[in-house]
Each structure stands twice: as structure tokens, then as C-alpha cells.
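The following exercises are to be worked with the sequence and the model at hand. Each task is followed by a solution in steps.

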Amino acid sequence: SLNGLWRSRPILDGEPESEVPADDWGWAKIPGYLCREGAGSKLEDQETFFAPRFAEMLKTKKSFANEVNERRWYRRTFTMPAEARGRRVILKFAHVFTRCAVFVDGREAGLVAWPNGEVDLSSVAKPGCEQTLALRLTCYKPDYMLKAGDVFMGVGLTFKGAAEVKKLGDARGITGDVTLMLAPKGPRATFSWGELVDLGNV
């Protein structure tokens, strides 16, 4: 598991989202909830320690308290297991609200969208070496999503109406486990229960 303390910082308007920032990093834990000020959340909010620059902005710019919970970077270094050599390397997210781009050593490797998913890191993995993993989280506000009517969030996952979408408002953030997994190389079979086929004796 990659759960625990990560470097973290907000994403400011105008900052390039394709580049992992070099400075102004604070600390935060994953998994954890991000909640807008005044949202009345009953969930345990994520405690974030901001770099001095952002801590000062929270004191002087009233709207910044909401902005920091809408777009966020996370970063940590780890040693890629030597056992990853010759195997598939999968980064699995148990729950994300709403989109999370994955970067390895500054290179974008994939995207996970609500509610969960995984990214194949095999092409960027360096077994036995220290690597830097960065996550760019974007939390779409429920009121923004409602403008489009029905909200499509994944295969077979569509929310209809304000009541259903607003239930998601308190759960923004990387709110589930983040796990690095190794698997044998080769194609992976994926299916839904409605697609089961009797293969007979094979």
C-alpha cells in the first residue's frame, strides 16, 4: 500500500497542469477527504499542512479556502520493487472523486475517474530504483455536474437528478486505498456478470 503521508499542494489558476511543480509543497495523508468550507460535512476532513506561501493565502484570501479543495497535487518517492522486473505494474485506486491523473518521474502515465480504477505503470517502471509518483486530483463540484443533466461517471454508472449527485459532495478527494500491485504479463480478461459465456471444457 502507498497509503500514508504524501507531499501535497494546491493547483493555482494559470499553473500548467501538465508539469509537476518543483516547490511550495506541504503534507497531507492519503486516503483522506477534501471538503469545502461550510459544506457541513460529517466526514473526517483531510488534515493538510500547507507550505508558508499557501498558508498565508488562506489567511488573506477568503475564496482560497474553497479553491484548495478543488484541485490538488500529491507527490511521493518510493522504491519500485525489484520483483517488478518482467511483470505488469498496476497502480490501483479504491475510490477517487472525481478525476486523478498519474505521473511517474514527471511523465503522465494514465488517468483514473470516479469511482475507482487502475493505471498500468509497466512502461515507466524501473525495478529496484527510486521513482517519484505524482497525482493531480481534480474535484468537480456537484452543482457544475448538474448543468449537464444526467451525469455519466463510468460504464454503467449514471446519476440522475440533484439529490443523487449532491450525495457525492462530502466525499471529494482520494478517499480510498492506493495500492501498487504486480501481475503476470499478458492480456487481462475483463467482463461484467451480464457477459459471462460458457466456454465448456477448455
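**Exercise 1. Determine what share of the residues is buried, and characterise the surface and the contacts of the protein.**

Step 1. Of the 202 residues of the protein, 38% count as buried; buried means under 20% relative accessible area, exposed means over 50%, and partly exposed lies in between (1.4 Å probe, protein chains only).

Step 2. The accessible surface amounts to about 11,700 Å², and carbon and sulfur atoms hold 51% of it. Accessible areas come from the Shrake-Rupley method with a 1.4 Å probe, and for residues only the protein chains shown count as cover.

Step 3. Among contacts with a separation of 6 or more, 72% are made by residues 24 or more positions apart; a contact means heavy atoms within 4.5 Å.

**Exercise 2. State which parts of the model have pLDDT below 50, and assess the confidence of the prediction.**

Step 1. This is a predicted model, in which local features need pLDDT of at least 70 and side-chain atom pairs count only at pLDDT 80 or more, whereas totals for chains, interfaces and linings use all residues. Residues are numbered from 1 along each chain as its sequence is written, and side-chain values use heavy atoms, with hydrogens and water left out.

Step 2. The mean pLDDT, the predictor's confidence in each residue from 0 to 100, is 79 for the protein, and 71% of its residues reach 70 or more.

Step 3. The pLDDT is below 50 over residues 36–43, a stretch with 15 contacts in the model beyond near neighbours in sequence. Residues 152–157 also stay under 50, with 9 contacts beyond four places in sequence.

Step 4. Where pLDDT is low, the predicted coordinates should not be read in detail.

**Exercise 3. Give the strand order of the open sheet of 7 strands, and follow its pairings.**

Step 1. The protein has 4 helices and 14 strands. Helices (H or I, at least four residues) and strands (E, at least two) are DSSP runs, numbered from the N terminus.

Step 2. The order of the open sheet of 7 strands is 3-2-1-4-10-7-8, with antiparallel pairing; two strands pair if DSSP finds at least two bridges between them. Strand 3 (48–49) and strand 8 (107–113) are the edge strands, each pairing on one side only.

Step 3. Starting from strand 3, its antiparallel pairing with strand 2 has 2 bridges, and Thr48 of strand 3 stands opposite Ala28. Strand 2 also pairs with strand 1 in the antiparallel sense, over 5 bridges; here Ala28 of strand 2 stands opposite Trp6.

Step 4. Turning to strand 8, 6 bridges join this strand to strand 7 (residues 99–104) in an antiparallel arrangement. The bridge partner of Val102 is Gly110 in strand 8.

**Exercise 4. Identify which residues of strand 2 form its covered face and which its uncovered one, and locate the nonpolar patch.**

Step 1. In a regular strand the side chains alternate between the two faces of the sheet.

Step 2. In strand 2, Gly26, Ala28 and Ile30 make up the covered face, while Trp27 and Lys29 make up the uncovered one.

Step 3. Trp27 belongs with Leu5 and Phe49 to a nonpolar surface patch, with about 310 Å² of accessible area together. Patches are made of residues with over 30% relative accessible area and no salt bridge; like charges are joined within 9 Å, and nonpolar side chains (Val, Leu, Ile, Met, Phe, Trp, Tyr) within 5 Å.

Step 4. Leu5 lies in strand 1 and is partly exposed, at 48% relative accessible area.

**Exercise 5. How many salt bridges does a search of the whole structure find? Describe those of Arg9, Arg71 and Arg88.**

Step 1. The search finds 6 salt bridges, each a side-chain nitrogen of Lys or Arg within 4 Å of a carboxyl oxygen of Asp or Glu.

Step 2. Arg9 pairs with Glu15, their closest N and O atoms being 3.1 Å apart. Arg9 is buried at 1% relative accessible area, whereas Glu15 is partly exposed at 22%.

Step 3. Arg71 meets Asp13 at 2.7 Å, N to O. Since Arg71 lies in strand 4 (residues 71–79) and Asp13 in the loop between strand 1 (4–10) and strand 2 (26–30), the pair ties together parts 58 residues apart in sequence. Arg71 is buried at 18%, and Asp13 is exposed at 67%.

Step 4. Arg88 and Asp120 form a salt bridge with closest N and O atoms 2.6 Å apart. This pair links strand 5 (residues 87–93), which holds Arg88, with strand 9 (residues 117–120), which holds Asp120, 32 residues apart. Arg88 is buried at 14%; Asp120 is partly exposed at 32%.

Step 5. Through shared partners, salt bridges join Asp13, Glu17, Arg71 and Arg136 into one network.
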